[in-house]
Amino acid sequence: MTKNKFYVTTPIYYVNDAPHIGHAYTTILADVLSRFHRALGDDTFFLTGLDEHGQKVQQAAEKRGLQPQAHCDELAPRFMDLWKKLGISNDDFIRTTEARHQGVVQAILQKVYDSGAIYQKEYEGLYSVAEERFITEKEAESGQFREVKTIKEKNYFFKMSQYQERLIKYIDDNPGFIRPEHRKNEMLGFLRQPLTDLCISRPKSRLSWGIEIPFDRDYVTYVWFDALINYISAIGYGSDEAKFRRWWPGVHLIGKDILTTHSIYWTTMLFALGLPLPEAIFAHGWWLMGDSKMSKSLGNVVRPLDLIEQHGVDAVRYYLMSEMILGADANFTPENFIKRYNSDLANDFGNLLNRVSGLIGKNHGGIIPAALEPTPAEEEVARSGRVLVPRVEALVREYKVDEVLNEVMNLIRQVNKYMEAQAPWKLAKTDLPAAGRVLYTATEALRLAAVLLKPVMPEKAATVLAILGVPDSGLAWGELKSGLALPAFPPLFPRIEVEKKV
Ligand code: MSP
């Protein structure tokens with residue numbers, strides 16, 4: 001098997017608020033993909049972190065009566081603790097106030113300035129205070145930008161416009177670069193308008209919380225120019241060339257709202273630096289509550305911690321990964337959560353495990369029976385198991401985790417039907433070894449499903465594999481060992497009983 005390299009990133013989150021389910025989603029997605037790639041034998045590096053500069057963070061700190069750095073230092077552990085609770089296996093965690101990042105941002109600014117791609121000019125234009133950037137007349141008319149005012153200011157600009165044609169060509173030549181497809185088209189649409197240059201400075205008189213511009217101390221760096229660089233500062237750009245070459249380019253997982261900054265600002269910055277563009281930029285949809293976006297101001301954010309406390313980490317990870325269809329928005333409701341949990345985990349998976357182990361206990365002395373020669377019915381289940389593995393691998397390489405889960409659950413559903421058809425509880429009365437063959441096959445399918453579900457539900461899957469006595473087994477069909485004793489275990493996914501309204 002050829003060993004691939006997989007470098008994956010999440011957006012770095014603003015430390016202006018506690019993390020919510022939207023942040024948790026991207027981070028879990030990156031974690032699941034990393035775990036799959038590691039399991040496939042790929043060399044994997046997973047980066048996440050925090051965006052600590054800029055106006056939003058400064059304002060959040062002011063509100064709490066704290067210095068920005070003190071505010072960031074206080075909030076950072078909330079993210080780190082949540083990631084720990086969610087079982088996130090990141091290899092690094094970057095904060096943009098760290099010296100290792102700030103130094104790289106300044107070196108890059110100097111380099112791009114020296115190359116002539118940054119210039120100063122006085123500019124008068126519309127500025128969205130909420131979005132923290134200059135906007136066009138057209139954008140202002142769209143009504144999507146809040147707190148718009150006219151600002152006249154001398155600033156530094158990055159010659160983004162000079163890369164327009166090159167970027168269009170790159171996107172056209174690399175169909176898998178911006179994903180999913182409709183997001184690529186959205187960006188190509190955006191690029192039909194003339195690209196303007198990017199204002200990359202903020203005068204300290206207006207905003208002081210940022211990285212000082214190395215060639216003009218009256219200014220700090222625009223937060224996006226600073227933040228995007230985390231993807232390379234964390235992996236050694238400018239400090240550890242070998243490490244950098246090993247990992248770059250990477251895959252950026254982002255929400256659809258930050259697609260422009262990634263596929264236009266970041267890519268042109270990379271052009272200016274003479275670096276390869278990311279391997280892929282994958283934009284997922286929004287988690288909605290009812291029909292509206294989750295947001296602090298609407299007061300409808302779902303706190304991941306509450307859910308974890310109620311239903312366990314793995315159930316939350318499973319729900320988020322299965323419910324959001326690649327690239328589309330998803331609706332979060334407690335009812336959906338319970339429905340998904342009860343049907344997939346409690347009924348399909350959990351019941352099969354209980355049923356199989358119950359029958360092995362009752363009729364086979366609690367010992368995993370012999371596999372025997374398969375009949376066509378077993379061949380069919382085994383074939384499904386065998387084709388599932390490469391299929392999952394292909395889906396993982398396409399970032400389609402929701403489809404992976406669907407396929408694994410389809411195997412489980414197929415095995416439930418096979419159990420019904422073979423009825424090993426009846427068969428045991430006339431042909432005990434044949435009943436054992438059915439139970440071996442069903443248990444083996446459960447084992448394979450657990451291996452495939454492990455990146456999504458690391459704890460539960462490990463428990464299943466430990467119960468089956470093959471904690472380190474892999475993806476080949478038939479790794480379950482006959483003759484091992486099955487221990488007693490409490491239900492893995494107890495059904496959530498919903499109180500009926502009277
Ligand atoms: N700091 C910038 C990213 C810089 S990356 C170099 C930022 N931070 S953020 O905290 O506001 O948002 C981070 C991510 O969370 C974005 O990808 C955004 O799409 C995602 N989400 C925030 N709310 C969300 C939902 N309700 N649903 C899904 N994801 C959402 O932007």
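## Briefing: S473, the ligand shell and the chain around them

S473 counts as buried because its relative accessibility is 13%, under the 20% cut-off. This is a predicted model. Its chain has 502 residues, and 55% of them count as buried. The points below start at S473, move to helix 19, then turn to the ligand, a three-stranded sheet and the whole chain.

**S473 and its contacts**

- S473 sits in the segment that comes after helix 19 (458–467).
- The S473 side chain makes a polar contact with the side chain of R447, at 2.9 Å.
- A polar atom of the S473 side chain also lies 3.0 Å from the backbone oxygen of V470.
- Leaving aside residues up to four places away in sequence, S473 touches R447, V451, L465 and E479.
- R447 therefore appears both as a polar partner of the S473 side chain and in the list of residues that S473 touches, given that a contact means heavy atoms within 4.5 Å.

**Helix 19**

- The buried residues in helix 19 are P458, A461, V464, L465 and I467.
- One of them, L465, is also touched by S473.
- The buried residues of helix 19 pack against four helices: helix 1, helix 13 (313–323), helix 14 (334–363) and helix 18 (432–453).
- An α-helix has 3.6 residues a turn, so residues three or four places apart point the same way.
- G469 follows helix 19 and has a positive phi, near 80 degrees.

**The ligand and its shell**

- How many residues surround the ligand? There are 23, and the closest are I12, D51, D257, W286 and W287.
- I12 places a backbone N or O atom 2.8 Å from a ligand nitrogen atom.
- G255 places a backbone N or O atom 2.9 Å from a ligand oxygen atom.
- H23 acts through its side chain: one of its N or O atoms is 3.4 Å from an oxygen atom of the ligand.
- Taken alone, the ligand exposes 660 Å², and the protein buries 93% of that area.
- Five elements give two or more residues to the shell: strand 1 (5–14), helix 1 (21–39), helix 8 (223–228), helix 9 (230–233) and strand 12 (251–255).
- Strand 1 gives the most, with four residues.
- Helix 1 contributes to the ligand shell, and the buried residues of helix 19 pack against helix 1.
- By class, the shell holds 13 nonpolar, eight polar and two charged residues.

**A three-stranded sheet**

- Strands of a sheet pair through backbone hydrogen bonds, either parallel or antiparallel.
- One open sheet has three strands in the order 9-11-10, and its pairing is antiparallel.
- Strand 9 (201–203) and strand 10 (212–213) are its edge strands, each pairing on one side only.
- Two bridges join strand 10 to strand 11 (residues 216–221) in the antiparallel sense.
- Across this pair, I213 stands opposite D216 in strand 11.

**The whole chain**

- The secondary structure comes to 19 helices and 16 strands.
- The C-alpha atoms fill a box of roughly 90 × 55 × 40 Å along the principal axes.
- Among contacts with a separation of 6 or more, 75% join residues 24 or more positions apart.
- The accessible surface is about 21600 Å², and carbon and sulfur atoms account for 51% of it.

How values were computed: Residues numbered from 1 in each chain as written. Predicted model: local features only at pLDDT ≥ 70, side-chain atom pairs only at ≥ 80, totals over all residues. Heavy atoms only, no water. Near = heavy atom within 4 Å. Polar contact = N/O pair within 3.5 Å; in protein donor to acceptor, adjacent residues only side chain to side chain. Areas by Shrake-Rupley, 256 points an atom, 1.4 Å probe, with all protein chains shown as cover. Nonpolar A, V, L, I, M, F, W, Y, C, P; charged D, E, K, R; others polar. Buried < 20%, exposed > 50% of the residue type's maximum accessible area, 1.4 Å probe, protein only. Pairing = 2+ DSSP bridges.
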